[in-house]
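Please examine the protein chain shown below. The explanation that follows begins with a single residue, turns to the chain as a whole, and then returns to individual side chains.

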Amino acid sequence: MATVRFDHATRRFDKKSAPAVDALDLEIADGEFLVLVGPSGCGKSTSLRMLAGLEPVDEGRVLIGDRDMAGVAPRDRDVAMVFQNYALYPSMTVAQNMGFALRNAGVNKADTRRQVEEAARVLQLENLLDRKPSQLSGGQRQRVAMGRAIVRRPKVFCMDEPLSNLDAKLRVSTRGEIAGLQRRLGVTTVYVTHDQVEAMTMGTRVAVLKDGVLQQVAEPRELYDRPVNAFVAGFIGTPAMNLIEAPVVDGRARVGDAEIDVPAPLGGRDRVTVGARPESMRLVGEGEPGLELTVELVEELGAEAFAYGHTAGGERIALRLDRGHATSVGQRVRVRHVDAEVHAFDVETGLRLD
């Protein structure tokens, strides 16, 4: 196993445009499961490909263990890739697909078979070893792709959106399988996804990227509870955090006709971005201080519901509702932030204020 370090690693596809990955400085511990997450085009897959040697590093370094990977070919990095399209050979059986890299490395048939069978037991593929990929479900194909990586016993797993081709239910079960498997194997893993729910439920730590720049790296709970800026606050969480730009009056933020205590010294600012999770908004009665919304959508999820509405000023607000609520589309309601659960961000820089 090994540590991984991005030491101000930069990748430029075009010298005239901004870097795809800009001075990424990130250390991944031995055996850690780190997830790179962000919107499309943020540089997460490029970062992974730099680690695997599929993209060059224009500035800075990528290290596996204590070794700088500059000039080291992908096949010599001891990194195993798992892609979203499985990349299985259709003419080969499951066993042949899983053992392909070992055969190419000159491992004898007996050892190859033993390692393939060990991986198959871990992935519950023992009864499928003689099937072709066309005879497998999407989840089974993904496990075969995982098995092909496992049998190599690499120092690092690189996974590039491996669940993207699966249906919603299968994604939930497979992400649990992958996370559990990684814990058992203890292999350093870098996992790329655009799905922040996947990131939050799988990663030991999560690194959030935007426009090639690392925004924050932290444990999932810290990302949710203490986002460092408005971008992370709005990206992490489903539904997203409500962000409202509000005037400051006598040291308090005024949202609608309610005055909100913000958990930070405002330093003479006349405006602040107030953030609150949907579960940190409360319905209040007619005439009570708050913000008036027109409900435009109610999502019923069984144990809870989420209502979405817009204010007269056009802000869109999400609100968590308890089971058995009486809120309906078209209804006008009043909501208020829970002061103790409010976040505050600088209007200009987006940085957290505290």
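In which helix does Gln 115 lie? The model is a predicted one, and in it Gln 115 belongs to helix H3, which covers residues 109-123. Is this residue buried or exposed? Gln 115 has a relative accessible area of 12%, and it counts as buried because that value falls under the limit of 20%. Its side chain nevertheless has a polar partner: one of its polar atoms lies 2.9 Å from the backbone oxygen of Val 151. When neighbours within four places in sequence are set aside, the residues in contact with Gln 115 are Leu 102, Val 151 and Arg 153. Val 151 therefore appears both in this list of contacts and as the provider of the backbone oxygen.

The chain as a whole may now be considered. Its secondary structure consists of eight helices and 20 strands. The C-alpha atoms occupy a box of roughly 80 × 45 × 35 Å along the principal axes. The chain has 354 residues, and 49% of them count as buried. Among contacts with a separation of 6 or more, 67% are between residues 24 or more positions apart. The accessible surface amounts to about 16700 Å², and carbon and sulfur atoms contribute 47% of it. As for charge, the chain carries 46 positive and 50 negative charges, whose mean positions are 8 Å apart.

The cysteines are the next topic. How many disulfides does a search of the whole structure find? The search finds zero. For Cys 42, the closest cysteine sulfur is that of Cys 158, and no bond is possible because the distance of 16 Å is too far. Cys 42 is buried, with a relative accessible area of 1%, and Cys 158 is also buried, at 0% relative accessibility.

A final residue, Arg 332, is found in strand E19, which comprises residues 332-337. Why does Arg 332 count as exposed? Its relative accessible area is 54%, and it is classed as exposed because this value is over 50%. Beyond its neighbours within four places in sequence, Arg 332 is in contact with Glu 292, Leu 293 and Thr 294. Two of these contacts involve polar atoms of the side chains: a polar contact of 2.4 Å links Arg 332 to Glu 292, and another of 3.0 Å links Arg 332 to Thr 294. In addition, the C-alpha atom of Arg 332 is 8.8 Å from that of Gly 309, although these residues are 23 apart along the chain.

Methods: Residues are numbered from 1 along each chain as its sequence is written. This is a predicted model: local features need pLDDT of at least 70, side-chain atom pairs count only at pLDDT 80 or more; totals for chains, interfaces and linings use all residues. Side-chain values use heavy atoms; hydrogens and water are left out. Helices (H or I, at least four residues) and strands (E, at least two) are DSSP runs, numbered from the N terminus. Buried means under 20% relative accessible area, exposed over 50%, partly exposed in between (1.4 Å probe, protein chains only). Contact means heavy atoms within 4.5 Å. Accessible areas come from the Shrake-Rupley method with a 1.4 Å probe; for residues, only the protein chains shown count as cover. Lys and Arg count as positive and Asp and Glu as negative; His and the chain ends are not counted. The place of a charge is taken as NZ of Lys, CZ of Arg, CG of Asp or CD of Glu. A polar contact is a pair of N or O atoms within 3.5 Å; within protein, one must be able to donate a hydrogen and the other to accept it, and residues adjacent in sequence count only if both atoms are side-chain atoms. A disulfide is a pair of cysteine sulfur atoms within 2.5 Å.
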